[in-house]
Amino acid sequence: EGVVVVNKRGRTLITGDVFIDCSGDGDIAVAAGAEYHQGGSAGELQPVSMVFRMANVDAESLLNFVRAHPENVGLAEHPMIGKTKEECAEELYKQGLPKVFFEGSGPLLKSAIESGELFPCSMLAVTPISRARKEVSLNTTRLAKVDATDTEALSRSLPILLEQVWMGVEFLRKRVPGFEQAYFSGIAPRIGIRETRRIVGDYMLTGDDILEARKFEDGVAKGGHELDIHGAGTAHRREQIKDGGSYDIPVGCLLPKGLQNVLVAGRCLSATREAHSSARVMGTCMAMGHAAGALAAMSSLAKQEPRAIPVSELRARLQEQGAVLTGTY
């Protein structure tokens, strides 16, 4: 059995015992006939984004600004922290790394959006990349109502996102301490896509599974990111997991219903929209990829379908390889 791909080499047949769909959009699973859901009940999709970088950022000035104006940033949100925003801002300053989450509802971004100085957004997330270059990445641009499985629609979004990048650069240089002498230093290699298809699998992870930090005997990966649904403009639904805990992703979330030798991993997992908004992040996708890869290898070596492999054996193999499946709350 195989999959035909078309690229610069023309048409190529790829054969294998088991196929793992990590396309994000569930392309292989859908082509093989898997059922899927896409977006919300009204067809809404989380916005696409273009992440960019700036260098020569003065981290001390930025963190001093956060310390002086903690009302602008997301701090002390985790249930287990037990500290005030002000205390967390002080700890962040002492740490010295410019990891800052400016909230769209805070006075800094809210006033900039209202004046037209900045595009409508729910956040401006600063993440350190290089101390040597004083470089950070910025995650803030957004464009809603884009079906990223439509290549023409995705292409049309690029110039709009790029305009937002330049607007973001100017806003930061003008309004945020630490960025006065910073300069644009790079852009992501492609548009960031948060949400398209969700494959229907043997089990569908739910929002309650996430928020209640549920554990499963057949769990093969873990997640700990908040429920995190970006909306159009400044809309953003964020909810923390109970007691700051983690949840398990059952193996059934990686097994498309009706398909015998196809696995999915990543943001096309079997989940409701609420659960997907947490599980779609990179660390959790990597954990799912590990589980799917191990299961595919075990299936191929045993010459059995993936569902025939005992989950206890899969969990044992994953733990031997360093996967975190237990020991978290």
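Which backbone nitrogen does the side chain of E195 reach at 2.7 Å? Keep that in mind while you get set up: what you have open is a predicted model.

**Stop 1: E195**

Select E195, in the loop between β9 (183–187) and β10 (197–199). Now for the opening puzzle: the side chain of E195 reaches the backbone nitrogen of Q46, at 2.7 Å. Add R273 to your selection, too, as its side chain makes a polar contact with the side chain of E195 (2.7 Å). Is E195 buried or exposed? Its relative accessibility is 1%, and since buried means under 20%, E195 counts as buried. To see who crowds around, show the residues in contact with E195 beyond four places in sequence, including G39, G40, L45, R267 and H276.

**Stop 2: the big core**

Next, select V100, F102, V126, L138, F171, L172 and F179. They have the most contacts inside the largest nonpolar core, which has 42 residues. Colour the elements that give two or more residues to this core, among them α2 (59–68), β6 (100–103), β7 (123–130) and α5 (151–175). Which element gives the most? That's α5, with seven residues. Here's a handy bit of background: in soluble globular proteins, nonpolar side chains tend to be buried together.

Zoom in on V100. Leaving out residues up to four places away in sequence, V100 touches L62, L63, V66, V73, L92, L124, A125 and V126. Apart from the largest core lies another one, of 32 residues; to find it, select I210, Y247, A271 and M298, which are among its members.

**Stop 3: ring pairs**

How many aromatic pairs does a search of the whole structure find? Three. For one of them, select F65 and F102: the pair is tilted, 6.4 Å centre to centre, with 45° between the planes. F65 lies in helix α2 and F102 in strand β6, so this pair ties together parts that are 37 residues apart in sequence. Both F65 and F102 are buried.

Now select W166 and F184, an edge-to-face pair at 4.9 Å centre to centre and 80° between the planes. W166 sits in helix α5 and F184 in strand β9, so the parts tied together here are 18 residues apart in sequence. W166 is partly exposed, with a relative accessible area of 39%, and F184 is partly exposed as well, at 31%.

**Stop 4: arginines over rings**

To finish, pick R67 and Y93. R67 lies over the face of Y93, at 3.7 Å from the ring centre. Then jump to R197, which lies over the face of Y36, at 5.4 Å from the ring centre.

Terms used. Residues are numbered from 1 along each chain as its sequence is written. This is a predicted model: local features need pLDDT of at least 70, side-chain atom pairs count only at pLDDT 80 or more; totals for chains, interfaces and linings use all residues. Side-chain values use heavy atoms; hydrogens and water are left out. A nonpolar core is a set of buried Ala, Val, Leu, Ile, Met, Phe, Trp, Tyr and Cys residues joined through side-chain atoms within 4.5 Å. Buried means under 20% relative accessible area, exposed over 50%, partly exposed in between (1.4 Å probe, protein chains only). Helices (H or I, at least four residues) and strands (E, at least two) are DSSP runs, numbered from the N terminus. Contact means heavy atoms within 4.5 Å. A polar contact is a pair of N or O atoms within 3.5 Å; within protein, one must be able to donate a hydrogen and the other to accept it, and residues adjacent in sequence count only if both atoms are side-chain atoms. Rings of Phe, Tyr and Trp (its six-membered ring) pair if their centres lie within 6.5 Å; planes under 30 degrees apart count as stacked, over 60 as edge-to-face and the rest as tilted. A charge sits over a ring if NZ of Lys or CZ of Arg is within 6 Å of the ring centre and within 35 degrees of the ring normal.
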